[in-house]
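The following questions and answers go through one structure, shown below. Each answer ends on the value or name that was asked for.

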Amino acid sequence: MAPLTSARRRSGHRVHRAAVLLIAIVAAVAVLPGTAVAAPAGQQLNAADMTLLNGVRLAGLWEMPAGQMAAEKGQSAKVREIGAGIASEHQELDQLVVDAANKLGTAIPTEPTAEQKGWLAEMQNASGARFDQIFVTRLRVAHGKIFPVIGAVRASTRDATVRKLCDDANRFVMHHMQMLESTGLVRWPELPPAALPAPGNDGLLAAASANSGPGAGVSSTVVWLVFLAALGTGGLATYRLLRRT
């Protein structure tokens, strides 16, 4: 497999609430990994590891151009400053996930999902205070969805490379949430609720734990469906929030 290269910043509509979830599911299915991928060291990457690699990569593929767009067209100086910072830091994080994937010998996405491209188009078509609100809302919700995935995988992975990527991603995502919150534009009561794992053997945390040992066989599709359920919840909440703007 030819080594991956890091994405560079790219310059980037509102959708019906049912289409938000449908597009997310269709786009994610297109990049679903297999249950396990052979790593050079003779280890195996499980579904939770691949969820982390794909999720961090996809985040960078749309948040880099979103940040650059904010740096160029944000109404407030604060949004322009934060946009430039997020774009720069996501470029660094994107290189880290590309390096990790190359080291592990696995493929990761090379394009944003259809839903993420829609968010970029939405920002491209907005201006002024509305652009600032959409930028902060979309990115704060997105960071809030990947944050618990990082923690779940970090707690259970057996792979040192994935563990290091979790540590790096956690640092970047936390910083980005803090920057977005510093704008004063985060509408706290309207953020989507936490997608906590179900009790027993259900949920992402249990799936990651069960799939972390040698020979584990939890399907990657199950983990992705749990992840997509959180994406769908966040997408609907964000749609309702932005309709009120």
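Q: How far apart are the end C-alpha atoms of helix 3, and what span should its 28 residues have?
A: This is a predicted model. Helix 3 covers residues 77–104, and at 1.5 Å a residue its 28 residues should span 40 Å. The distance between its end C-alpha atoms agrees with that expected span, at 41 Å.

Q: Which residue just after helix 3 takes a positive phi?
A: The helix ends at residue 104. Just after helix 3, a positive phi of about 70° is taken by G105.

Q: In what order do the elements of the protein run from the N terminus on?
A: The secondary structure comes to eight helices and two strands. From the N terminus on, the order of the elements is α-β-β-α-α-α-α-α-α-α.

Q: Which helix gives the most residues to the largest nonpolar core?
A: This core has 24 residues, of which L52, L53, V97, I150, V153 and L165 touch the most other members. At least two residues each come from helix 2 (47–73), helix 3, helix 5 (128–156) and helix 6 (160–181). With seven residues, the one that gives the most is helix 6.

Q: How many residues does the second, separate core have?
A: Among the members of the second core are I86, M123, A142 and M179. The number of residues in this separate core is 20.

Q: Is L165 buried or exposed?
A: L165 is found in helix 6. Buried means under 20% relative accessible area. L165 has a relative accessibility of 2%, so it counts as buried.

Q: Which residues is L165 in contact with, leaving aside its neighbours within four places in sequence?
A: L93 lies 72 residues from L165 along the chain, yet their C-alpha atoms are separated by 8.8 Å. L53 touches L165, and also L45, V97, A100, L104, T106 and I108, not counting residues up to four places away in sequence. With the same kind of neighbours left aside, the contacts of L165 are L52, L53, L93, L96, V97 and A100.

Q: What is the relative accessible area of D99?
A: D99 is found in helix 3, and its C-alpha atom is separated from that of L165 by 9.7 Å. Partly exposed residues fall between the buried limit of 20% and the exposed limit of 50%. D99 is partly exposed because its relative accessible area is 39%.

Q: At what angle do helix 3 and helix 5 pack?
A: Two packed helices are described by the angle between their axes and the distance between the axes. The crossing of helix 3 and helix 5 is left-handed. Their axes are 11 Å apart, and the angle is about 35°.

Q: How many nonpolar residues does the contact of helix 3 with helix 5 have?
A: Helix 3 brings V79, I82, G83, I86 and H90 to the contact, and helix 5 brings D132, F135, L139 and H143. By class, three of these residues are polar and one is charged, while the number of nonpolar residues is five.

Q: Which residues does H176 touch, not counting residues up to four places away in sequence?
A: H176 lies in helix 6 and counts as buried because its relative accessibility is 0%. H143 is 33 residues away along the chain, with 7.6 Å between the C-alpha atoms of H143 and H176. Not counting residues up to four places away in sequence, the residues touched by H176 are I86, E89, H90 and H143.

Q: What percentage of the residues of the protein count as buried?
A: The protein has 245 residues. Of these, the part that counts as buried is 50%.

Notes. Residues are numbered from 1 along each chain as its sequence is written. This is a predicted model: local features need pLDDT of at least 70, side-chain atom pairs count only at pLDDT 80 or more; totals for chains, interfaces and linings use all residues. Side-chain values use heavy atoms; hydrogens and water are left out. Helices (H or I, at least four residues) and strands (E, at least two) are DSSP runs, numbered from the N terminus. The expected span of a helix is 1.5 Å times one less than its number of residues. A nonpolar core is a set of buried Ala, Val, Leu, Ile, Met, Phe, Trp, Tyr and Cys residues joined through side-chain atoms within 4.5 Å. Buried means under 20% relative accessible area, exposed over 50%, partly exposed in between (1.4 Å probe, protein chains only). Contact means heavy atoms within 4.5 Å. Axes are lines fitted to C-alpha atoms, for helices over the stretch in contact, and angles run from 0 to 180 degrees between N-to-C directions. A crossing is left-handed if the near helix is turned anticlockwise from the far one by less than a right angle, and right-handed if clockwise. Ala, Val, Leu, Ile, Met, Phe, Trp, Tyr, Cys and Pro count as nonpolar, Asp, Glu, Lys and Arg as charged, and the others, Gly among them, as polar.
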